[in-house]
Every structure is written in structure tokens, then in C-alpha cells.
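Visitor: I am new to this structure and would like to learn how to read it. Could you walk me through some features, one at a time?

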Amino acid sequence: SNAPRMGYPRIARYALGRDYHRVLRTKMRELIGFCEKSMATARFRACVDSAPLLEREMAQRAGIGWFGKNTCLINSKRGSWFVIGVILTDLNLALDPPESGSCGTCTRCIDACPTGCIVQADGRWQVDARKCISYLTIEHRGAIDAKLESKIGSWTFGCDICQEVCPFNKPRDHLPHRASVTVEPNFLTKREWPSLERLSEIGFEEWDELTRGSAVRRAGYAGIKRNARINLQSVAPQSLRSP
């Protein structure tokens with residue numbers, strides 16, 4: 001869970017534990033090692049956001065899921081709470097058919113998005129990154145437009161809103177694997193984050209130590225301090241701020 005705790009950072013679920021890039025890469029290298037023992041002539045390469053590949057597009061073609069209106073990859077039986085890794089190989093493998101599915105008339109993610117970043121353009125649903133809280137708090141460098149700052153609210157790194165409201169992430173008796181809680185130890189081990197006030201003024205060495213082995217490091221030193229200040233201005237009561 002990433003329910004907000006007053007005065008403390010709110011982190012997207014995928015970044016609560018150990019950096020998923022490292023976790024997936026370790027697992028895929030183990031799989032590659034196993035394959036290489038029995039298929040010595042085949043070549044393999046593990047990729048987790050480390051190559052110019054659109055992983056979710058490959059995952060859709062591989063039959064893992066289909067694209068929702070929020071552009072997330074959705075598996076009808078499991079939902080969208082998962083991360084994706086890719087192993088490239090020159091093995092001649094049997095192909096699974098691409099996956100297909102639909103959100104139907106559901107607009108919950110569109111209605112719930114604070115910034116209205118889920119839009120229909122060119123005949124398909126897209127996310128306007130210029131308004132997406134996840135993009136703004138992680139990838140955007142420098143100041144954030146004042147009109148968007150107030151809509152970031154309690155989110156310090158990333159945003160889960162469009163997935164939290166998605167019906168495909170609601171558990172069902174006949175779909176026991178849907179939105180199931182992770183059993184991966186690396187994801188269950190959560191680090192303790194300092195208060196927003198402390199994070200907004202954190203020194204570089206402390207930030208460096210705090211974010212080591214965490215996906216939150218992606219926001220950068222200046223970015224995480226900026227986000228914490230925005231959180232304090234947006235949602236924290238006066239008692240949590242410095243005079």
C-alpha cells in the first residue's frame with residue numbers, strides 16, 4: 001500500500017521496495033544462465049529500461065496483456081500491478097498470439113486523473129506526459145507549472161491513481177490472481193523515508209545514501225527536494241511547515 005501518511009512522502013507502489021530494474025535483471029540473468037547451459041549456441045540479452053525498446057508493446061505482442069485507456073498494460077486475469085522485463089534472443093521460439101481486450105465504456109481512470117492527462121488523440125487513448133503527475137515528479141527537470149503544482153498533491157514520486165481506480169485491479173473471487181499482493185522479498189522490504197520537511201532540505205550525501213538501490217533515485221537530488229516542497233505547500237497543514 002502507498003496510502004498517504006501526513007507529513008511524509010507518498011511513493012508509487014512499484015518504487016516502495018528495492019529498485020525493480022535490479023530485481024528483474026537479476027532474475028532474468030539467472031534464467032539466461034540456465035538456458036545457456038542447455039542451449040550453448042543461442043545468444044541472450046536482458047533488458048529492463050536499458051535498451052531502446054518499448055517493453056509493453058512487446059508484452060502485448062507476446063500475449064501478456066492489452067492497453068487500457070490509461071495506456072498501462074492490463075492482464076484481464078491479473079490486472080496491471082506488475083513490471084516488465086525483456087530477454088532478447090536469437091532462439092527460434094514458438095510464438096503466442098498478441099493479446100486483445102477492452103475497457104469498454106469505463107472512464108474511471110480518466111475521471112480520477114487530477115490533471116486530465118489521459119486524452120484521446122489520433123484515434124487512440126494517450127497520456128499527455130506534460131500533465132502526468134508521474135512524469136512531472138520523476139522525469140521533469142526544473143520548475144513545474146504553477147497550475148499543475150497544486151494538483152500533484154501528496155505524490156512525491158510517481159502516481160498510482162489511474163491504476164488504483166481501474167476495475168481490473170479489483171480482486172474477484174473467480175480471479176484469485178487479480179491484484180494479488182507481491183511475495184517478492186525485494187519488493188516487500190520497504191525503506192524508511194524522512195518527513196517531507198526534512199526531505200525538502202536534505203543534503204546531497206544524505207540523499208545519496210537514502211536513495212541507493214531505490215527507483216526513487218531517478219527523480220534526482222533537486223527533483224525530490226522540489227517535490228517535497230510542493231507536497232508541503234499542497235497538502236500539509238501549517239503545523240508541518242517551517243515558520
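**Reading the features one by one**

Guide: Let us start with a pocket. Helix H1 (20-38), helix H2 (55-61) and strand S5 (86-89) each supply at least two residues of the lining of the second largest pocket. Please keep in mind that this is a predicted model.

Visitor: Which residues lie nearest the centre of the second largest pocket?

Guide: The general idea comes first. Rolling a probe the size of a water molecule over the atoms shows where empty space is left. Here, the second largest pocket holds about 600 Å³ of space. Its lining has 20 residues, and Ala62, Val86, Ile87, Thr89 and Leu93 lie nearest the centre.

Visitor: How many residues of each class, nonpolar, polar and charged, are in the lining of that second largest pocket?

Guide: The lining of the second largest pocket counts 15 nonpolar residues, two polar ones and three charged ones.

Visitor: Now for the inside of the protein. Which residues have the most contacts inside the largest nonpolar core?

Guide: In soluble globular proteins, nonpolar side chains tend to be buried together. In this model, the largest nonpolar core is made of 17 residues, and Ile11, Ala15, Phe157, Leu199, Val216 and Ile224 have the most contacts inside it. At least two residues of this core come from each of helix H8 (196-200), helix H9 (204-210) and helix H10 (221-234). H10 gives the most, with three residues.

Visitor: I would like to look at aromatic rings next. How many aromatic pairs does a search of the whole structure find?

Guide: A pair of aromatic rings is described by the distance of the centres and the angle of the planes. The search of the whole structure finds six aromatic pairs. Take Phe204 and Trp207: their ring centres are 5.4 Å apart and their planes stand at 40 degrees, so this pair is tilted. Both residues belong to helix H9, three residues apart, which is about one turn of the helix.

Visitor: Are Phe204 and Trp207 buried or exposed?

Guide: Phe204 is partly exposed, at a relative accessible area of 46%. Trp207 has a relative accessible area of 7%, so Trp207 is buried. Phe204 also pairs with Tyr221: the ring centres are 5.4 Å apart and the planes are at 80 degrees, so this pair is edge-to-face. That pair links distant parts of the chain, with Phe204 in helix H9 and Tyr221 in helix H10, 17 residues apart. Tyr221 counts as partly exposed, with 24% relative accessibility.

Visitor: Which residues do ring pairs link into a cluster?

Guide: Tyr14, Tyr20 and Phe157 are linked into a cluster by ring pairs. Phe157 is also among the residues with the most contacts inside the largest nonpolar core.

Visitor: Rings can have charged neighbours too. Where does the charged end of Arg10 sit?

Guide: The charged end of Arg10 sits over the ring of Trp155, 4.0 Å from the ring's centre. Another case is Arg5, which lies over the face of Tyr8 at 3.8 Å from the ring centre.

Visitor: Let us turn to the backbone. What is the phi of Asp49?

Guide: Most residues other than glycine have a negative phi, and most peptide bonds are trans. Asp49 has a positive phi of about 55 degrees, although it is not a glycine. Asp49 is in the loop between S2 and H2, and at 44% relative accessibility Asp49 counts as partly exposed. Asp122 likewise has a positive phi of about 55 degrees without being a glycine. Asp122 sits in the loop between strand S6 (118-121) and strand S7 (124-127). With 74% relative accessibility, Asp122 counts as exposed.

Visitor: One last topic is position along the chain and in space. How many residues apart in sequence are Pro97 and Ile64?

Guide: Pro97 and Ile64 are 33 residues apart in sequence, and their C-alpha atoms are 9.5 Å apart in space. Pro97 lies in the loop between S5 and helix H3 (108-112), and Pro97 is exposed, with a relative accessible area of 59%. For another example, His140 and Cys103 are 37 residues apart along the chain, and their C-alpha atoms are separated by 29 Å. His140 is in the loop between helix H4 (133-138) and helix H5 (146-152).

Terms used
Residues are numbered from 1 along each chain as its sequence is written. This is a predicted model: local features need pLDDT of at least 70, side-chain atom pairs count only at pLDDT 80 or more; totals for chains, interfaces and linings use all residues. Side-chain values use heavy atoms; hydrogens and water are left out. A nonpolar core is a set of buried Ala, Val, Leu, Ile, Met, Phe, Trp, Tyr and Cys residues joined through side-chain atoms within 4.5 Å. Buried means under 20% relative accessible area, exposed over 50%, partly exposed in between (1.4 Å probe, protein chains only). Helices (H or I, at least four residues) and strands (E, at least two) are DSSP runs, numbered from the N terminus. Rings of Phe, Tyr and Trp (its six-membered ring) pair if their centres lie within 6.5 Å; planes under 30 degrees apart count as stacked, over 60 as edge-to-face and the rest as tilted. A charge sits over a ring if NZ of Lys or CZ of Arg is within 6 Å of the ring centre and within 35 degrees of the ring normal. On a 1 Å grid over the protein atoms alone, a cavity is a set of points where a 1.4 Å probe fits but cannot get out, and a pocket is an open set with protein on both sides within 12 Å along at least five of seven lines; lining residues have an atom within 4 Å of a point. Grid points are joined across faces, edges and corners, and a volume is the space filled by probe spheres set on the points. Ala, Val, Leu, Ile, Met, Phe, Trp, Tyr, Cys and Pro count as nonpolar, Asp, Glu, Lys and Arg as charged, and the others, Gly among them, as polar.
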